[in-house]
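Biologist: I would like a close look at the salt bridges of this model. Please describe how they are placed and how accessible their partners are.

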Amino acid sequence: MENSERPSRATRSSSFSPKTPSKTKASSPHTSACKDARKLFSLESLLADLPGRHRQITELCRLIGPPNTPMTPLFVYGAPFSGKTSVVLGVLRHLNRQFAYTNCRSCYNPRILFESMLDQISCRRRTAENDYSSGSRCDRASDFVALLRDALVHARSGGPKSDEQGRMVYLIFDNVESIRHWDEGLELISVLFSLSNTLKTPELGLVFISSVPMDDLHHENGFPELLTVFFTAYSEGEIHQILMKTQENPKLYSSFLDAVLKPFCRITRRINELSMALSPLFQKYCEPLDDLTVVPDEEMKRRLFSYIQPHLAMALNQVFELSMPDGCKTSQRRVKQKGTLRRHAGRDDGDGLDFHMSMSAKFLLISAFLASRNPATLDAALFDPAGGCDTRKRKRKSSEISITKKEIAAEEVLMKGPGTFPLERLLAIFQCITSVAENPEDTDTQGSVLTSDVLLQLSTLCNANFVYKGGSCPLDGSTRYRCMVDEELALKVARTVNFPLSNYLYKR
């Protein structure tokens, strides 16, 4: 007997929920979490709730296909907070399909991952009556494959399914890139990607959601064929639409976003970070207003912007801190502590910058300076695992003729100015210097966390004339860049992040 009340929306962790919660009568497994999924999640409402994702929604609907249609496993990837999970879950609910969802980031070992999926497929809820235990203990991937096969067979024979719902069961693994940090994580990812070929069950659909491309999850045994769906970062207009969805006075908030959103989008395009930074700023924006339902005119917009303009710099700094990885924050904290000690000791050497730059922008500027200053043929020697090149090891005494030649060569290089470099070389140097930014033992964290939003930071450096973007190379067609800062400024930037720039400069 179905509930006459409208069921509540299912959470991600419990997408399988029986229609009949009776304890005496077994419920049919894999009944929809929503009683009328098409009414609750129509295509029009789905497109309205997820601005800028029309192409991805229609593509997922096409790849999933009609009910009872076998599908190739999907690999959905893109930038963090770009709507991947919301779109995948919304499409499956719109199509009224049965699915189990697990966030791999909240599972710190394979056992939790395996048992979470098996419990959802078996419609088992962890309660006080069963001591919050799983239906079956599963520690190994081979046990998971065997138990999953039995659970799918039991699910297909659990009762009749509607024509709209079908007999397909979809397993969704979110943040699958987190598994690679586990013991033998890449082997486990290979097992999950191969589940469809291993089980040979046409009623099984697999969807993997990741913030990194598939190449970063490569395993020596290779992966089976997966169809990819890419999510681009939100544009400024799409971010404007998303932030406008829950506002009581849309016209007032729209005028606020028109005034302040653009500089924030240059720093980050993550919705959660923008929402956290803009919320207190909007409260400050509304302080001069007695009536929050007013529709501002042009004169009022100018007065309100003048009122919050002194607070913009502080809000932008907060966004920098939010988007800054933990490794960068630790490095910056140590640099600040050293600067404080120097000031207390009366030895302030004036290494501070007159302008604000994010940690990743500083390392990117240092990388551009090294790429313009050093010959490309010496990159392998300068950025070896030992952490830089030390030309002082060469003790051979130079003759007067060789010294004269070096001075002439140095003058010629000085007259030519900074050299140009392609984007690939800049990113390679950036990856090398961030891996040894502060301490050698921190390379696992700093080498990967500092590479976020690099292209956005490069565009910011070009707009500030720190880096010049030239034309294309006639040989390979790649865009060339040139660093426009002098050595004094580069050394000052390097000191703010405690990076030994002089160890990486080519000594002529």
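**The salt bridges**

Modeller: Arg111, Glu115, Arg137 and Asp139 are joined in a network of salt bridges. This description rests on a predicted model. Within that network, Arg111 pairs with Asp139, and their closest N and O atoms are 4.0 Å apart. The pair connects distant parts of the chain, 28 residues apart: Arg111 belongs to helix 5 (residues 110–121), whereas Asp139 sits in the loop between helix 5 and helix 6 (141–156). Arg111 has a relative accessible area of 30% and is therefore partly exposed. Asp139 is likewise classed as partly exposed, because its relative accessibility is 39%.

Other salt bridges can be described in the same manner. Glu298 bonds in this way to Lys301, with 3.7 Å between the closest N and O atoms. Both residues lie in helix 12 (residues 298–323), where they are 3 residues apart, about one turn of the helix. Lys301 has a relative accessibility of 28%, so this residue counts as partly exposed.

A further salt bridge brings together the side chains of Arg270 and Glu273, at 3.8 Å from N to O. Arg270 is partly exposed, because its relative accessible area is 26%. Glu273, by contrast, has a relative accessibility of 5% and therefore counts as buried, the limit for that class being under 20%.

In total, the structure holds 11 salt bridges, including the pairs Arg111–Asp139, Glu298–Lys301 and Arg270–Glu273.

Key: Residues numbered from 1 in each chain as written. Predicted model: local features only at pLDDT ≥ 70, side-chain atom pairs only at ≥ 80, totals over all residues. Heavy atoms only, no water. Helix = DSSP H or I, 4+ residues; strand = E, 2+ residues; numbered from the N terminus. Buried < 20%, exposed > 50% of the residue type's maximum accessible area, 1.4 Å probe, protein only.
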